[in-house]
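Trainee: Could you take me through one part of this protein up close? I would like to look at the charged pairs in particular, and then see what lies around them.

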Amino acid sequence: MWQVQRHKEYRQKILHLYKPLHQDLYSMHPSAFFLPTFLEAVRTNTEESLASIMTEPTPGVFSFAMLQPNFCDMLLEEVENFEKWVHAMKFKIMRPNTMNKYGAVLDDFGLEAMLNQFMEGFIAPISKVFYPEVGGGTLDSHHAFVVEYGKDRDVELGFHVDDSEVTLNVCLGKQFSGGELYFRGIRCENHVNSETQHEEMYDYCHVPGRAVLHRGRHRHGARPTTSGLRMNLLLWCRSSVFREMKKYQKDFSSWCGECQREKKERQIQCVKATKLAFLRGGGGGMI
Ligand SMILES: [Zn+2]
């Protein structure tokens, strides 16, 4: 509880003292933030219109061109401005999560309301269609941050799952090589360390302005950014309804790759046992 209180005070102090560089970022301006193709698809809001702008390179991972280059630049400059300010103020910056030592939580310096509209207006319509089984239709909170990879920053990120139902990951720039996002199958809590099947392996190369959307439980990591500086916007979208329901569920075969595999295995065993019983019962040679 002490940490929660401390974080609340930290956020309030910043909100009170920090002067934004780009005021335009702090309220939602869809046509300035999003590419026309993306906006059109979300406004039409049908499964067909959304699917038309997306690729699904591996099951459950969707990629699409999303952000205006100018929005990416403004957000990068705002984050850099905030970090400079935090440094000048001799504040101890709170980093995005337990794994990233560089980057900043966007919700901490005034972007929370805009990012909430970002999620509700532009991510929820997509996740409702593509991730209904993990609470994609009932997203109600978020954690938004920017991560920084490169020289004098984080280099890579180990294999993990996110504390989210649905994660949006958008590359903001700048120039870099490496830093591919690798995927290793979707797993429930019970199976988070189970083996990866060959067909579950997929590597994605970041392109500035382009988004990747995946379930939080889709295991992934980031390969080393070998040169330059790479910054990505992460929006962890959560559903309190899904988290509550999950407590009473044991079978996650609608989305967990390992639950699915076990279920299939059980069915095969069941068919085998039935056949065997039939043979033993003198059923004849029809099998
Ligand atoms: Zn499972």
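**A close look at the salt bridges**

Mentor: Happy to. Let's start with Glu200 and Arg187, whose side chains meet in a salt bridge with 2.8 Å from N to O. The two partners sit in the loop between β8 (181-186) and β9 (201-204), and the pair links distant parts of the chain, 13 residues apart. Both Glu200 and Arg187 are buried. Please keep in mind that this is a predicted model.

As background, side chains of opposite charge can pair when their charged atoms come close. In this structure the count comes to 16 salt bridges.

Now compare a pair at the surface. Lys151 forms a salt bridge with Asp152, and their closest N and O atoms are 4.0 Å apart. Lys151 counts as exposed because its relative accessibility is 70%, where the cut-off for exposed is over 50%. Asp152 is exposed too, with a relative accessible area of 56%.

A third pair joins Arg243 and Asp163, whose side chains meet in a salt bridge at 2.9 Å, N to O. Arg243 lies in helix α7 (residues 240-246) and Asp163 in the loop between β5 (157-160) and β6 (166-173), so this pair ties together parts that are 80 residues apart in sequence. Arg243 counts as partly exposed at 28% relative accessibility, and Asp163 is partly exposed as well, at 39%. These two residues also belong to a network of salt bridges that links Asp163, Glu165, Arg238 and Arg243.

Next, go back to the stretch of chain by Arg187, where you will find a metal site. The zinc ion has Cys188 (SG), His191 (ND1), Cys256 (SG) and Cys259 (SG) as its protein donors, lying 2.1 to 2.4 Å from it. The four donor atoms subtend angles of 99 to 115° around the zinc ion, so the arrangement is tetrahedral. Read along the sequence, the donor residues are spaced C-x2-H-x64-C-x2-C. Cys256 and Cys259 are both buried.

From the charged and metal-binding residues, let's turn to the aromatic ones. The whole structure holds 18 aromatic pairs. One of them is formed by Phe62 and Phe130, a tilted pair with 4.4 Å centre to centre and 40° between the planes. Phe62 is in strand β2 (residues 61-65) and Phe130 in helix α6 (residues 112-130), so to speak of distant parts being linked is fair: they are 68 residues apart. Phe62 is buried at 6% relative accessibility, and Phe130 is buried with a relative accessible area of 15%. In Phe252 and Trp255, the ring centres are 5.3 Å apart and the planes are at 50°, so this pair is tilted. Phe252 is buried at 7%, as is Trp255 at 5%. Elsewhere, ring pairs link Phe33, Phe34, Phe38, Phe64, Phe71, Phe118 and Phe122 into a cluster.

Phe118 leads us on to the nonpolar interior. The largest nonpolar core has 64 residues, and those with the most contacts inside it are Met66 and Phe118. Helix α5 (residues 69-88) supplies the largest share of this core, nine residues. Leaving aside neighbours within four places in sequence, Phe118 is in contact with Met28, Phe34, Met66, Leu67, Ile123, Leu168 and Leu235. There is also a second, separate core of seven residues, including Tyr149, Leu157, Leu234 and Trp236.

How values were computed. Residues numbered from 1 in each chain as written. Heavy atoms only, no water. Core = buried A, V, L, I, M, F, W, Y, C linked by side-chain atoms within 4.5 Å. Buried < 20%, exposed > 50% of the residue type's maximum accessible area, 1.4 Å probe, protein only. Helix = DSSP H or I, 4+ residues; strand = E, 2+ residues; numbered from the N terminus. Contact = heavy atoms within 4.5 Å. Donors = N, O, S within 2.8 Å, 3.2 Å for Na, K, Ca; no water. Tetrahedral: all angles 85-135°; square planar, octahedral: opposite > 155°, others 65-115°. Phe/Tyr/Trp six-rings, centres within 6.5 Å; stacked < 30°, edge-to-face > 60°.
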